[in-house]
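Okay, thanks everyone, let's get going. I'll put the structure up and then walk you through it.

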Amino acid sequence: MIILGIESTAHTFGAALLDVQSFTEKKVLCNLRDLYTTEKGGLIPNKLAEHHEEVCDALLKKAFAQTGLSMQDVDLIALSNAPGLGHALKVGSLFARSLALIHKKPLVGVNHCIAHLEVASLVTQAKDPVLLYCSGANTQVIAYDGGKYRIFGETLDTGIGNFLDTFARDLGSGFPGGPKIEQLALSGKKYIPLPYSVKGMDVAFSGILTHLERKVIGKEKDEDIAFSVQETVFAMLVEVAERAMAHCDKRELVLGGGVACNKRLQEMCRLMCAARGAACYVPANEFLVDNAAMIAWTGWLMHVKGGVSDDPSTLQILPYERTDDVDVTWR
Ligand code: ATP
Ligand code: FE2
């Protein structure tokens, strides 16, 4: 069965083709992305939508050219219709729904956050992991329990990636800032104490940002600040992830989201898992960041294992749908 995945919840427009025969027999045929970036400043929603409108058709054509397939070969279209930026979601939705209507293909709307977790079973050996999902807009610790993917801990304000991007912007970098902070932190030598903000199972970043802006940036070396920021905020994430693993008695951790590309965060997670005899799975970067392969795979799970189908003429975008709003019928 060939599944076309379309990702369009934020800065990334993605198109992927998967060949899935069964839960174990599956192949990613292509996983293409086109990222909206800026030299200076953050995301501008209508510019982002223009970017997605410009690239969507060309990216799909490229996916077909690379695989030798055509729209006729596609058996299912999966679209990330939630959650995300309305401007971005609308472009993806219009594109995927039009394709489904014109070519008379079944369509499934996929929750983007759940796809970050489900991709673990596409590209790793994880069976029932806790997901540490750290991306731009989202920071959540998620695990399956009683028919839902439940959020055991999350950010109380901004996502970790947005926090890192704003911090990088304060230092004069454009978007995305996370990779620049990672580079800078490599030459940091001094740890500058920062607020450590874990509240129960949740984390918060905006107070740390205010502290940095008011008391630290400009007074210490950028590389030392970057190093201290990483050590502090990643420790917060690892603490909450470990507590969720202990609470649910789960022996696997999987990382997801763009910030999980960070080698220091990966190292800290591996150390924590080793200390508690658990497995730590880190998908390759192309499956950590926003990508369409995870949408196609989750679409297959939902449609084939869970009997989910959506009507292309009425499928809505759901910018605020939460991970635990979705009934998991496919496990
Ligand atoms: P979501 O919609 O799931 O919230 P997203 O739209 O923010 O995701 P992702 O691609 O998952 O997109 O994550 C993007 C974020 O990842 C950006 O904030 C970026 O700065 C950050 N990032 C990317 N690489 C690194 C890195 N090496 N270290 C830290 N942060 C990184
Ligand atoms: Fe994402």
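So, to start: how far apart do the C-alpha centres of domain 1 and domain 2 lie? They lie 26 Å apart. One thing to keep in mind all the way through is that this is a predicted model. The domain assignment gives domain 1 as 2-119 + 290-325, and domain 2 as 126-282. Where they touch, domain 1 puts in 19 residues and domain 2 puts in 17 residues.

Okay, the metal. Which protein residues are the donors of the iron ion, ligand 2? They are His112 and His116, each through NE2, and Asp290 through OD. Those donors lie 1.9 to 2.2 Å from the iron ion. Along the chain, the donors of the iron ion follow the spacing H-x3-H-x173-D. So the site ties together distant parts of the chain: His112 is in helix 3, residues 112-123, while Asp290 is in the loop between helix 9 (285-288) and helix 10 (293-305), 178 residues from His112.

Are those two buried or exposed? His112 has a relative accessibility of 4%, so it counts as buried. Asp290 has a relative accessible area of 9%, so that one is buried as well. The cut-off for buried is under 20%.

Now for the pockets. The largest pocket comes out at about 1200 Å³. It's lined by 50 residues, and the ones nearest its centre are Ser135, Gly136, Ala137, Asn138 and Asn162. Several elements give two or more residues to that lining: strand 3 (26-35), helix 1 (45-67), helix 3, strand 7 (139-145), helix 4 (160-170) and helix 5 (178-186). Helix 4 gives the most, with 6 residues. If you're thinking about the chemistry of the lining of the largest pocket, you have 19 nonpolar, 22 polar and 9 charged residues.

Why do we say the largest pocket lies between the domains? Because domain 1 and domain 2 both give residues to its lining.

Next, the second largest pocket, with about 370 Å³ of space. It has 19 lining residues, and Phe23, Glu118, Ser121, Ala126 and Lys127 are the closest to its centre. Here the elements giving two or more residues are helix 3 and helix 10. Helix 3 has the largest share of that lining, 6 residues. By class, the lining of the second largest pocket splits into 10 nonpolar, 4 polar and 5 charged. And the argument about position works again: both domains give residues to the lining of the second largest pocket, so it lies between them.

Right, what about closed space? Searching the whole structure for cavities of 30 Å³ or more turns up 1. The largest cavity has a volume of about 50 Å³. Around the largest cavity you'll find Leu132, Thr139, Gln140, Val141, Gly153, Glu154, Met201, Val203, Leu237 and Val240. Strand 7, strand 8 (148-154) and helix 7 (222-248) each supply at least two residues of that lining, and strand 7 has the largest share with 3 residues. The class count for the lining of the largest cavity is 6 nonpolar, 3 polar and 1 charged.

A couple of backbone points before I stop. Most residues other than glycine have a negative phi. Which residues go against that here? Lys104 is one of them, with a positive phi of about 55 degrees although it's not a glycine. You'll find Lys104 in the loop between helix 2 (86-103) and strand 5 (107-111), and its relative accessible area is 72%, so it's exposed. Asp249 also has a positive phi, about 55 degrees, and it isn't a glycine either. That residue lies in the loop between helix 7 and strand 11 (252-256). With 53% relative accessibility, Asp249 counts as exposed, because the cut-off there is over 50%.

Last one, out in the segment after helix 10: Ile317. What does Ile317 touch, if we don't count residues up to four places away in sequence? Asn81, Gly86, Leu89, Lys90 and Ser93. And for a sense of distance, the C-alpha atoms of Ile317 and Cys30 are separated by 25 Å, with their positions 287 residues apart along the chain.

That's it from me, so over to you.

Terms used:
Residues are numbered from 1 along each chain as its sequence is written. Chains are lettered from A and ligands numbered from 1 in the order in which they are written. This is a predicted model: local features need pLDDT of at least 70, side-chain atom pairs count only at pLDDT 80 or more; totals for chains, interfaces and linings use all residues. Side-chain values use heavy atoms; hydrogens and water are left out. Donors are N, O and S atoms within 2.8 Å of the metal (3.2 Å for Na, K and Ca); water is not among the atoms, so sites may look incomplete. Helices (H or I, at least four residues) and strands (E, at least two) are DSSP runs, numbered from the N terminus. Buried means under 20% relative accessible area, exposed over 50%, partly exposed in between (1.4 Å probe, protein chains only). On a 1 Å grid over the protein atoms alone, a cavity is a set of points where a 1.4 Å probe fits but cannot get out, and a pocket is an open set with protein on both sides within 12 Å along at least five of seven lines; lining residues have an atom within 4 Å of a point. Grid points are joined across faces, edges and corners, and a volume is the space filled by probe spheres set on the points. Ala, Val, Leu, Ile, Met, Phe, Trp, Tyr, Cys and Pro count as nonpolar, Asp, Glu, Lys and Arg as charged, and the others, Gly among them, as polar. Domain bounds come from an automatic or database domain assignment. Contact means heavy atoms within 4.5 Å.
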